Structure formats: C-alpha cells, structure tokens
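Trainee: Can you walk me through this one? I have the sequence and the model open, and I'd like to start with the rings.

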Amino acid sequence: MSARRRNRNTRPCCVAVVMSIMSPPPPLIFLLIFHGVYSADDEWGVNYSSSSICALKGSTVIINCTYKYPTGHQIMKVFWTNTDVRQPNKDFPDLSEDSEYSQRIQYLGDKHHDCTMRLTDVRQTDSHEYFFRFITDIPNGKWVGKPGVTLDITLITDLQVESSGERVTEGHSVTLTCKSRCSLTDRSTFIWFKNTQSLSERNNQLILQSVRREDAGNYSCAVQGHKLTSPHQYINVIYPPKQTHVVVNSSGEIMEGDSVTLTCSSESNPPVQIYTWFKESETSSVGYGQTYSLNSRHSGWFYCVAQNTVGSQRSAAVSVNVKGYLVILQMVIGVLILVAAVFIVLMIIWRIWWMKKRNNSESQTVHHSPSHNSHKTCDDVYENVMTADDRYEESNLSPPVCGNIPVSELYE
C-alpha cells in the first residue's frame, strides 16, 4: 500500500497539547498540543495540529506528537522535514542534516510512538510548514504526516500594549494588557515600563487603580529575556481645574486712574475652556476670559471660576481698592492735623518744664543771697525797727527780713 493511498479517507483525532514560555535561561519555550490525522484503517498516522503555531523570535518551540503503524513493523528511521515535495528518487530532506537546523533541532521522541521535536532559537526564516516522517522495515512502509504544522515566527516588536481607555479621568482605574500575535502563556514573565523606567509588575496586565495626574505617561512592555520592547501607549489622565487663584498686576495701593488687570491661573487637563469673573455681593458675572480689566471706579472683592470638560473650581477672592483724589486730600489733611497736634503737645510739655526750671532757679537764688543783717537776732531788729524802717524808707531799700517775714509786718 503506497503512502498516498494510505492518506485517503482519513479522520481527525485529538491529542494533548501544552504551550509554555520560560525566560532564558532556560530559553523561552512553546509547548504545543496538536490534533492529528489517521488512515482509514487506523493503522498508520501522525497526530499533530493542522493549525499554525506562533512563537516569538529567539524562543524555543517543543512540538509534542505521536505516530502509529501496523503491528509487526519495525521503525528504521524517523525525522522532521519542512517540505512535502521530494526530489525524484530521493526522500524528503532531514532537517537534522541541514546546516540551518542541525545545531538547533533535537528529536525528543523514540522509534515506537513518540515523535516530539524541539527547535531552539527560532528565527523568522523558520516560518514553514513542518512534517514528521517515519520509515519501517517493509517495502513501501513509509509515512509522512500531512498536512503538517505551520510555524509562524513573530518579532518581539509585534508586542502591543492595549488599554481599556487612553483618556482616564483622575480617580478612575485603567487596565493595560501586553499582547502579541502569539498566544503567550501565564508562565511568561513580562516587564512593564513607564517613560522607560521599569515598574514592579511582572504579569501581562498592568492595572492602575485610582489614577492620579502623575500616572500620565508612555507605557510599554517586554518579555523577559528579550531586549526589544513594544511600542509605547500614552495614558492621558484628565482632571478638573486645580490650584485656581487670581493675580493682581499692580503692586501697592491702586490710585484713581491706574490700569488694573486681574489674571486667573489654574492647572487642569484638558486646559481651561471658560474663565468667568464675579464680584462678591453681586449675583451675575462681571466678565469672561483669563484676564479682567477694571476701571478706576471699581472697588471690591473679585474672584474667578475656571472650567473645563471635567469640572470647575472657584478661586479665593482678592481685594481691589481704588483710591481717589478726595481720599488723598483727606489723608494729607489728616496727616497735617496729626503733626500739628503732636507739635502742640510737645510745646506744652516744654513750657511746663521750662517754668519749673525757672522757679527752682529763683527759689535757690533767694534762699542763698548774703545779708549784712543775717547775724542779727529778731530782738535786735525789734529794738531798732523804727530807726531801721525810717532809714530804709529814706534810702529806698527793702526792709530787713526776719525769718523770711519783713520787719514791718511784725508790727501790724
């Protein structure tokens, strides 16, 4: 019976397949489970998948497969090939004898029923359909399992970061997933980056809980053991206006006729779209725009409200006090009155001090003045009072004093 005849009227059969990835060392490994085909009489067959297999460049692929043949036959040769076309009078090429594969392919099976093969350090040129071939000890007792297994090697740059939302409102959550055209298993070790800085997460998903504005940035991922990373995915964190405040462009007092401009500043993402100005004690707005100009007649407390698509925030109120010329004149008069009052008080204090000083000086002068009668007793004065009085009246001199009392007064 020929190989071509034996492949007719085949029916599928299931086989266990396992896929795994390990970071080198040991190398990244794909362990696959395949479906297979059997001959109509179930005596000849190779069991593997007819679907394509995806693996990352540089990884190791392990293909588990089994084969069967009629009882009584002895297996003489087994090998893997990557073509189902053979040259005349030649067998299919054996990959273990090919220089491109000989150092990387290893047959892990046996000559009974296991045909497992391992291919290490897979390359893009390894993207082919692979077939298992076995030969028995009887004429025409040969078999090649067709269709084979299509191996698709993808670059690590095929990794992509998918996000549950590129625009995330502050306080909400976002999930990032590292994906590839290949189905990577849970045993893969992933590396996450934010703005080229490595993060601690090592799973294929990065969950950002209750995001803050600081979480905004470029995120990328890689599989451990590979130098290349995925293209970055930008996460844009949006939030309402914050730190809203008013800046007055004038320093010091604002005089009548001066130009006064108020500026409303705020931090937000997206940028503030509407600035509204209010004056306290008034119900309606007084202006719009990031800046607000006042004329000299406006005084009071002013504040602004900044608003974007996420929310709004009010600033604290600032005082604007415009001083007119009448106020200036009143201030000048007040200062002059104050200066005059201080001057008057100082003059009064000086006058009182001067008078006290003069009185003290006069008192000391009288008390210490010399008198030629200072050694006479009051009795002597009394005995000569009339004579003395007469003399002093004639000479226009002051009468003598006894104990600070004029002698003339002693007889009154």
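Mentor: Sure. Start with the rule: rings of Phe, Tyr and Trp (its six-membered ring) pair if their centres lie within 6.5 Å. Keep in mind that this is a predicted model.

Trainee: How many aromatic pairs does that rule give?

Mentor: The count comes to 14 aromatic pairs. Take Tyr-67 and Phe-132. Their ring centres are 5.0 Å apart, with 45° between the planes, so the pair is tilted.

Trainee: Which strands do Tyr-67 and Phe-132 lie in?

Mentor: Tyr-67 lies in strand 7, residues 66-68. Phe-132 lies in strand 11. The two are 65 residues apart in sequence, so the pair ties together parts that are far from adjacent along the chain.

Trainee: Buried or exposed, those two?

Mentor: Tyr-67 and Phe-132 are both buried.

Trainee: Got another pair for me?

Mentor: Try Tyr-101 and Tyr-130. This pair is edge-to-face, at 6.3 Å centre to centre and 75° between the planes. Tyr-101 sits in the loop between strand 8 and strand 9, while Tyr-130 is in strand 11, so parts 29 residues apart in sequence are tied together. Both of these tyrosines are buried.

Trainee: What lies over the face of Tyr-101?

Mentor: Arg-104 does, at 5.3 Å from the ring centre. There is also Arg-314, whose charged end sits over the ring of Tyr-303, 3.6 Å from its centre.

Trainee: Which residues form the aromatic cluster?

Mentor: One cluster is made of Trp-44, Tyr-48, Tyr-67, Tyr-69, Trp-80, Tyr-107, Phe-132, Phe-134 and Trp-143.

Trainee: Let's switch to the core. Which residues of the largest nonpolar core touch the most other members?

Mentor: Tyr-48, Tyr-67, Trp-80, Leu-119, Phe-132, Phe-134 and Leu-151. The core has 32 residues. Several strands give two or more residues to this core, including strand 5 (52-56), strand 8 (75-81) and strand 13 (149-154). Strand 11 supplies the largest share, five residues.

Trainee: Why would such side chains sit together?

Mentor: In soluble globular proteins, nonpolar side chains tend to be buried together.

Trainee: What is Leu-119 in contact with?

Mentor: Skip its neighbours within four places in sequence. Then the contacts of Leu-119 are Ser-59, Thr-60, Val-61, Tyr-101, Arg-104, Ile-105, Asp-126, Tyr-130 and Leu-151. Notice Tyr-101 and Tyr-130 in that list. They are the edge-to-face pair from before.

Trainee: And Ser-102, where is that?

Mentor: Ser-102 is in the loop between strand 8 and strand 9. Its relative accessible area is 29%, so Ser-102 counts as partly exposed. From Ser-102 to Leu-119 is 17 residues in sequence and 9.8 Å in space, C-alpha to C-alpha. Not counting residues up to four places away in sequence, Ser-102 touches Leu-95 and Ser-96.

Trainee: New topic: Thr-244. Buried or exposed?

Mentor: Buried. Its relative accessibility is 9%, and the cut-off is under 20%, so Thr-244 qualifies. Thr-244 is in strand 21, residues 233-248.

Trainee: Which side chain does the side chain of Thr-244 make a polar contact with?

Mentor: The side chain of Gln-313, at 2.8 Å. Setting aside neighbours within four places in sequence, Thr-244 is in contact with several residues, among them Cys-264, Cys-304, Ala-306 and Ser-315.

Trainee: What about Gln-243 next door?

Mentor: Gln-243 is in strand 21 too. But Gln-243 is exposed, with a relative accessible area of 58%. Its phi is positive, about 55°, although Gln-243 is not a glycine.

Trainee: Why point that out?

Mentor: Because most residues other than glycine have a negative phi, and most peptide bonds are trans. Asp-121 also has a positive phi, near 45°. Asp-121 lies in the loop between strand 10 and strand 11.

Trainee: Where are cis peptide bonds found?

Mentor: One runs from Lys-146 to Pro-147, with omega near 0°. Pro-147 is in the loop between strand 12 and strand 13. Another joins Asn-269 and Pro-270. Pro-270 lies in the loop between strand 23 and strand 24.

Trainee: Last one. How many helices and strands does the protein chain have?

Mentor: Four helices and 32 strands. The chain has 412 residues, and 35% of them count as buried.

How values were computed. Residues numbered from 1 in each chain as written. Predicted model: local features only at pLDDT ≥ 70, side-chain atom pairs only at ≥ 80, totals over all residues. Heavy atoms only, no water. Buried < 20%, exposed > 50% of the residue type's maximum accessible area, 1.4 Å probe, protein only. Polar contact = N/O pair within 3.5 Å; in protein donor to acceptor, adjacent residues only side chain to side chain. Contact = heavy atoms within 4.5 Å. Core = buried A, V, L, I, M, F, W, Y, C linked by side-chain atoms within 4.5 Å. Phe/Tyr/Trp six-rings, centres within 6.5 Å; stacked < 30°, edge-to-face > 60°. Lys NZ or Arg CZ within 6 Å of the ring centre and 35° of its normal.
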